[in-house]
Amino acid sequence: MTTTVDTAEVTAAKAVRPPLTERAKGERRLGWTLAGPAFVIMIAVTIYPILQAIYDSLFNYRLTAPADRRFVGLANYGVVLTDPIFWRDLGVTVLITVVTVVVELILGFLLALVMNNAIRGLKGWLRTAILVPYGIITVVSAFAWFYMFDINSGYVNKWFAWLPGIGPNFDWFGSTAPALFVIMASEVWKTTPFISLLLLSGLAQVPSELTEAAKVDGATWWERMSRVILPNMKAAIMVAVLFRALDAFRIFDNIFIMTNGAYGTEALSLLAYRTSIGRLEIGLGSAVSVILFLLVILISVIAIKGFRVDLAGRGVK
């Protein structure tokens with residue numbers, strides 16, 4: 001009985017957080033003062049389309065016949081969730097998200113190490129050169145990659161004709177696997193600089209005293225990386241993964257320009273666009289958009305809970 005009571009008291013003591021200091025309260029007020037107006041504007045701009053999409057998803061509503069609009073409840077969601085095309089597109093979206101985020105995280109961390117350890121006089125030029133792809137508009141980048149790999153205008157087949165399976169007549173956009181490869185490669189090229197920039201900020205926050213102490217104690221490069229640097233970069237890694245995962249999950253431009261969803265390359269955003277704009281099925285398209293919105297929220301929750309990072313700076317939750 002005593003053990004049970006003691007355990008409960010210990011658990012309750014751990015659950016109680018220490019009170020905020022006056023400095024922490026002041027920083028919190030300053031944060032809300034600076035971010036509050038932008039937060040209110042973002043809510044005002046985004047809340048109406050979200051509520052409108054939820055409302056429209058409850059109706060059988062075709063834009064060419066607005067007078068025939070009728071309430072169907074959750075029937076549109078049932079149609080979407082029982083359609084094999086939706087699950088195929090969800091699989092394509094998840095595949096693109098997982099592959100691109102993992103590759104970008106690895107490459108971005110390597111680039112962040114290069115920028116962090118570069119000679120002082122070269123750091124500015126190096127960062128500028130690495131960030132150039134991210135400054136290019138996504139549509140322009142997608143067209144550039146399309147013309148690079150297109151069988152008529154591209155030069156990739158000529159350059160890599162020495163590789164097995166690649167010849168002058170190889171059509172990169174003629175089947176699922178090579179088309180997805182080009183789409184994902186263009187995403188990685190475009191957004192890896194963004195990951196590297198976020199991870200560079202995380203590297204800058206790692207106390208040099210810790211790495212120097214580990215080096216003095218005889219820790220190897222890998223031990224310093226895995227036990228000192230990466231644990232102290234946890235918040236930066238979480239932000240980088242979360243931002244990129246949300247962005248990759250909503251991929252649209254590259255697929256629309258390169259394949260227009262042909263050969264099994266359609267993602268959920270393109271499905272929502274085709275249903276709403278192409279077929280003018282506003283009810284069904286809104287249902288797809290709402291499901292996509294809920295999946296984005298789910299990704300956010302999983303990432304925040306999985307990394308267990310308290311960005312407010314009061315420790316791990």
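Helices here are DSSP runs of H or I with at least four residues, strands are runs of E with at least two, and both are numbered from the N terminus. With that settled, let me turn to the structure itself, which is a predicted model.

I begin with the overall picture. The chain has 317 residues, and 36% of them count as buried. Its secondary structure consists of 14 helices and two strands. Among contacts with a separation of 6 or more, 67% join residues that lie 24 or more positions apart. The accessible surface amounts to about 19,000 Å², and carbon and sulfur atoms hold 69% of that area.

Next, the interior. In soluble globular proteins, nonpolar side chains tend to be buried together. In this chain, the largest nonpolar core has 22 residues, and the members that touch the most other members are I96, F149, W172, F173, V182, I255 and M258. At least two residues of this core come from each of four helices: α4 (84–117), α6 (138–149), α8 (176–204) and α12 (253–258). Of the contributors, α8 gives the most, with six residues.

F149 illustrates how this core is joined. Setting aside residues up to four places away in sequence, F149 touches G154, V156, W172, F173 and V182. There is also a second, separate core, made of 21 residues, and M115, L203, V206 and M225 are among them.

I move now to the aromatic residues. The count comes to 19 aromatic pairs, and I shall describe two of them. In the first, Y134 and F194 are stacked, with 5.2 Å centre to centre and 20° between the planes. This pair links distant parts of the chain, as Y134 belongs to helix α5 (residues 120–135) and F194 to helix α8, 60 residues apart. Are these two rings buried or exposed? Y134 is partly exposed, at 37% relative accessibility. F194 has 17% relative accessibility, so this residue falls under the 20% limit and counts as buried.

The second pair is F146 with F173, which is tilted: the centres are 5.3 Å apart and the planes make an angle of 35°. F146 lies in helix α6 and F173 in the loop between α7 (156–159) and α8, so the pair ties together parts that are 27 residues apart in sequence. Both partners are buried by the 20% cut-off: F146 has a relative accessibility of 18%, and F173 has one of 8%. F173 is also one of the core members that touch the most other members.

Beyond these pairs, there is one aromatic cluster formed by W145, F149, F170, W172, F181 and W189. F149 and W172 were named a moment ago in the largest core.

A charged residue also meets aromatic rings. Which residue lies over the face of F59? That residue is R69, at 4.6 Å from the ring centre. R69 lies over the face of Y61 as well, in that case at 4.4 Å from the ring centre.

Within helix α4, I would draw attention to E104. Its relative accessible area is 0%, so E104 counts as buried. Leaving out residues up to four places away in sequence, E104 touches F109, E187, V188, T191, T192, I195 and R244.

My last topic is the loops. Which residues other than glycine have a positive phi? N260 is one of them, with a phi of about 55°. N260 sits in the loop between α12 and α13 and, at 34% relative accessibility, is partly exposed. L280 is another, with phi near 60°. L280 is placed in the loop between α13 and α14 and is partly exposed, with a relative accessible area of 23%.

The loop between α13 (268–278) and α14 (282–307) also holds R279, which is partly exposed at a relative accessible area of 45%. Apart from its neighbours within four places in sequence, R279 is in contact with R62, R274 and L284. R62 and R279 are 217 residues apart along the chain, and their C-alpha atoms are separated by 8.4 Å.

To close, I return to the core: in this predicted model, the largest nonpolar core takes six residues from α8, and a separate core of 21 residues stands beside that account.

Key: Residues are numbered from 1 along each chain as its sequence is written. This is a predicted model: local features need pLDDT of at least 70, side-chain atom pairs count only at pLDDT 80 or more; totals for chains, interfaces and linings use all residues. Side-chain values use heavy atoms; hydrogens and water are left out. A nonpolar core is a set of buried Ala, Val, Leu, Ile, Met, Phe, Trp, Tyr and Cys residues joined through side-chain atoms within 4.5 Å. Buried means under 20% relative accessible area, exposed over 50%, partly exposed in between (1.4 Å probe, protein chains only). Contact means heavy atoms within 4.5 Å. Accessible areas come from the Shrake-Rupley method with a 1.4 Å probe; for residues, only the protein chains shown count as cover. Rings of Phe, Tyr and Trp (its six-membered ring) pair if their centres lie within 6.5 Å; planes under 30 degrees apart count as stacked, over 60 as edge-to-face and the rest as tilted. A charge sits over a ring if NZ of Lys or CZ of Arg is within 6 Å of the ring centre and within 35 degrees of the ring normal.
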